[in-house]
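Please read this report with the sequence and the 3D structure at hand. It deals with the pairing of strands and the packing of helices.

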Amino acid sequence: MSWFTFPADNLLCRCLGISITCLHVWLTILLVFIITPAVLGVSFGIRRLYLRTLLKIFEWATSRMEKEAKEKNQQLYKPCSNGIIAKEQASSLQQEIQELRGSPSGLPSVPEFELADIFYFCRTGVESILDDEVTKRFSAQELEGWNLLTRSNYNFRHISVRLTVLWGLGVLIRYGVLLPLRVTLAVVGICLLLVLTTLVGFLPNKEFYLSEKVHLMCYRICVKSLTAIITYHNRENKPKTGGICVSNHTTPIDVIILANDGCYSMVGQVHGGLMGMIQRAMVKSSHHIWFERSEVKDRHLVAKRLSDHVADKTKQPILIFPEGTCINNTSVMMFKKGSFEIACTVYPVAIKYDPRFGDAFWNSSKFGLVSYLLRMMSSWAVVCSVWYLPLFFFANRVKAAIAAQGGLVDLIWDGGLKRAKVKDAFKEEQQKLYSEVLVGGQETGD
């Protein structure tokens, strides 16, 4: 008896065979060119070649934009500010009050309030609103040029047909090729982390040396899922066991950026869902420190657990971000002093991302973690520099050193202003300064 085969069945079998072959080729490329080099800690230089190619394309696009804009007599770059207020060099409150009162010789001996004094505070308030150095640190960093993405203050892709076609080709590559590849790598890295750390946790004495190798391998796979190109400087200053590593904070991927060069003990709050599953698997094979929600506000409990950890010189250094929130890669805000009250060595680290290839800043009030990671995986790449700095012992000195090395603005403001109102202490400080000006004038006359 002979079997009769319909043409539709042949077509279905052929499509199924082609799909299996493509999947086999896809997995082979991942294993040979990405996963195996990550396990061995080697690089073929493909990412750096890709980066150099992108830079040449950006240069060509910039020159093309400038040429087209010049021919059409268009304004190419829109200013980021309206230029209403030109702020002069800051002077003391007393000098400002003297100028407003029109008495350059000094304040009167008898303390008195003048209506003109109000204009100083009005002007200062308006300047702060128009040029707010705090709020703008919690939004995406503006680019003057164009990196074939959409994060700019001008629609550069509409300048010419060639730029529009180039932009469309970039969208196809980022979402059709890079995004599926990166998502696959991220899933592989997370699954390996869950499985291998759990298995290591069942071994006698937990074999922490083997755990370090497992963590390092999985972190490197996750870094490759972002096409991250990282340059580490001054490795002789790398954090050592029994200490605390403090760094500026731009994005959640700061963790894997630093852990790609050496393992750390993480500190954080217990989460649910996938993040909680990862935390439970990691702590089985390594000395990470997770706090319940009710424990986070207990400073004595937190300090004791951190002190017990750093007292054991066999444990990995602790990684902490003292800002307490993500800042947009342009500045460093106030460091919480709790990390510096523990009797141990503090190792400062500065991280600076290159904004031309993608916006690394995580605006948690606008994007969830999964949405943010998908945005990062659909950008061109993650390019950053990491500097290991010499030892410092005070929070403000560490913050200033990180800002100076990373080319960031050193701000005195608390990152908690991202979600909270200005503390009354700041208002009272201005009131105190103004009262001292009046009382000081009386004392000078006496």
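## Sheet and helix packing

In this predicted model, strands β1 and β8 (residues 382–388) run parallel and are joined by six bridges. Within this pairing, Thr 231 stands opposite Ser 385 of β8. Both strands belong to an open sheet of seven strands with mixed pairing, whose order is β1-β8-β7-β2-β5-β3-β4. The edges of the sheet are formed by β1 (228–233) and β4 (289–291), each of which pairs on one side only, and from one strand to the next the twist averages 25°.

Two helices are placed against these strands, as the table sets out.

| Helix | Strands concerned | Angle |
|---|---|---|
| α9 (residues 299–311) | β2 (243–247), β3 (265–269), β4 and β5 (318–320) | about 170° with β4 |
| α11 (residues 395–406) | β2, β7 (345–353) and β8 | about 30° to β7 |

Helix α9 thus packs on the sheet by touching four listed strands, β2, β3, β4 and β5, whereas helix α11 lies across β2, β7 and β8.

A further packing concerns two helices: α5 (residues 161–201) and α10 (residues 369–377) pack with their axes 9 Å apart and at an angle of about 125°, which means that α5 is oblique to α10. On the α5 side the contact is made by Leu 178, Leu 179, Arg 182, Val 183 and Ala 186, and on the α10 side by Leu 374, Met 376 and Met 377. Of the residues in this contact of α5 with α10, seven are nonpolar and one is charged, while none is polar.

How values were computed
Residues are numbered from 1 along each chain as its sequence is written. This is a predicted model: local features need pLDDT of at least 70, side-chain atom pairs count only at pLDDT 80 or more; totals for chains, interfaces and linings use all residues. Side-chain values use heavy atoms; hydrogens and water are left out. Axes are lines fitted to C-alpha atoms, for helices over the stretch in contact, and angles run from 0 to 180 degrees between N-to-C directions. Angles under 35 degrees count as roughly parallel, over 145 as roughly antiparallel, 65 to 115 as roughly perpendicular and the rest as oblique. Contact means heavy atoms within 4.5 Å. Ala, Val, Leu, Ile, Met, Phe, Trp, Tyr, Cys and Pro count as nonpolar, Asp, Glu, Lys and Arg as charged, and the others, Gly among them, as polar. Two strands pair if DSSP finds at least two bridges between them.
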